[in-house]
Amino acid sequence: MGIITVATTPPPDLHDLDDDGDDAVRRHAEADESSRASRHWWDRNADEYQDEHGEFLGDDRFTWCPEGLDEADARLLGEVAGRSVLEIGAGAAQCSRWLLRRDARPVAMDISYRQLQHSRRIDLARGTPPVPVVQADAAVLPFADGSFDLACSAYGAVPFSADTAALMREVHRVLRPGGRWVFSVTHPIRWAFPDEPGVEGLTAVASYFDRTPYVEEDDQGRATYVEHHRTVGDRVRELVGAGFRLLDLVEPEWPEGHEQEWGGWSPLRGRLIPGTAIFVTERD
Ligand SMILES: C[S@@+](CC[C@H](N)C(=O)[O-])C[C@H]1O[C@@H](n2cnc3c(N)ncnc32)[C@H](O)[C@@H]1O
């Protein structure tokens, strides 16, 4: 399967690609605006993201988080061999490549064409069969009902989507009964703290309960980057409302000897407050 582009948002104008000097504000952001911002931002920043994090991510490693919890050890998806797996917000599809190696049948989906080009780059460099990739918005999955046995996401799409209740329903729709949906996100408690790896990131400065999105905008007020917050309770409610059972909520601890920072994730903060929440669920 090649790259399939489905209708999401219009392609960016080149002048939109420079976000220098964007302001960070807290304000409402609709689904369309959030999707458009994500697509532009990830197209623009995919090269830098893969440069900076590619080594940690590994070409065919499935890691859930900056804490370095690997699916090879955690086995949160259960048996994957022979299973069809949808990876949502796959980036360069490192997790899907691991799944392929474990005899699963992954499809790596992402809103950013540039991220998916990095998937192709890795496949070509390794000379391995290409991971099937699809460009789409997780809010509108371009798959028939009951297409997959499993769905997963390592920090993909969920934190960037305005209507995650609808996203959960979409994942439920494309999964077969009994299929697992496992996804990692920034731990909701982090919303209350500055996204800084040092001591300044240890003092709560905002309300955990304030769901107003974090938005970076250009000088015309257009969103260039958006993150949406849900409390732990919100996430559970959205999952249960969509028809999932919560099997586990994993909060990976910062491992001894792990010194690598990732943005606001650092050994200092990781030893004191959780940085990642992994929701392990099963479709009814
Ligand atoms: C933090 S990266 C994670 C990528 C990959 N899972 C990894 O661990 O490197 C977030 C990814 O989510 C994708 N994304 C953001 N919003 C999305 C949406 N609405 N639908 C699909 N993908 C989205 C971005 O393009 C980006 O590749």
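This briefing describes the annotated domain, the ligand shell, the strand pairing and some loop residues of the structure above. The model is a predicted one, and every contact, angle and distance below is computed from it. According to the unreviewed UniProt entry, residues 86-183 carry the annotation "domain: Methyltransferase type". Over residues 86-183 the chain is 34% helix and 29% strand, and the C-alpha atoms at the two ends of this stretch are 11 Å apart.

**Ligand shell**

- The shell around the ligand holds 20 residues, of which Trp42, Gly89, Gly91, Ser112 and Ala138 come nearest.
- Sorted by class, this shell has 10 nonpolar residues, eight polar residues and two charged residues.
- Among the elements of the chain, helix α1, which spans residues 31-57, gives the most to the shell around the ligand, with four residues.

**Strand β3 and its partners**

- Four of the five residues of β3 are buried, so this strand is largely enclosed by the rest of the structure.
- β3 pairs with β4 in the parallel sense over five bridges, and within this pairing leucine 86 stands opposite valine 107 in β4.
- The two strands also belong to a right-handed β-α-β unit, in which α3 is the helix that goes with β3 and β4.
- β3 is joined to β6 as well, by three bridges and in a parallel arrangement, with glutamate 87 standing opposite cysteine 152 in β6.

**Strand β7 and its partners**

- Nine of the 12 residues of strand β7, which covers residues 175-186, are buried, and therefore β7 is largely enclosed by the rest of the structure.
- Strand β6, made of residues 148-154, pairs with β7 in the parallel sense over six bridges, and cysteine 152, the residue that stands opposite glutamate 87 of β3, here stands opposite valine 182 in β7.
- A right-handed β-α-β unit is formed by β6, helix α5 (residues 164-174) and β7.
- β7 is further joined by seven bridges to strand β11 (residues 276-283), and these two strands run antiparallel; in this pairing arginine 180 stands opposite glutamate 282 in β11.

**The three-stranded sheet**

- An open sheet of three strands has the order β2-β8-β9, and its pairing is antiparallel.
- β2 (23-26) and β9 (223-227) stand at the edges of this sheet, each with a single partner strand, so one side of each is left without a neighbour in the sheet.
- Neighbouring strands of this sheet are turned by 25 degrees against each other on average, when direction is ignored.
- Between β2 and strand β8, which comprises residues 214-217, the antiparallel pairing extends over four bridges, and the bridge partner of alanine 24 in β8 is glutamate 216.

**Loop residues with a positive phi**

- Most residues other than glycine have a negative phi.
- Arginine 75 has a positive phi of about 50 degrees although it is not a glycine, and its place is in the loop between α2 (71-74) and β3 (84-88).
- Because arginine 75 has 10 other C-beta atoms within 10 Å, and 12 or fewer is the criterion for this class, arginine 75 counts as exposed.
- Aspartate 103, likewise not a glycine, has a positive phi of about 65 degrees, and this residue is found in the loop between α3 (94-101) and β4 (105-110).
- Aspartate 103 is also exposed, with 10 other C-beta atoms within 10 Å.

**Loop residues and their distances to remote positions**

- Proline 197 is found in the loop between β7 and β8, and with 17 other C-beta atoms within 10 Å this residue is partly exposed.
- Although proline 197 and glutamate 261 are 64 residues apart along the chain, their C-alpha atoms are separated by 7.4 Å.
- Glutamate 251 has its place in the loop between β10 (244-250) and α7 (267-270), where this residue is partly exposed, with 15 other C-beta atoms within 10 Å.
- Glutamate 251 and serine 184 are 67 residues apart in sequence, while their C-alpha to C-alpha distance in space is 9.5 Å.

Terms used. Residues numbered from 1 in each chain as written. Predicted model: local features only at pLDDT ≥ 70, side-chain atom pairs only at ≥ 80, totals over all residues. UniProt positions renumbered as here; feature names shortened; annotations may be inferred. Near = placed C-beta within 6 Å. Nonpolar A, V, L, I, M, F, W, Y, C, P; charged D, E, K, R; others polar. Buried ≥ 20, exposed ≤ 12 C-beta atoms within 10 Å, placed from the backbone. Pairing = 2+ DSSP bridges. Right-handed = clockwise from strand over helix to strand, strands pointing away. Axes fitted to C-alpha atoms, helices over the stretch in contact; angles between N-to-C directions.
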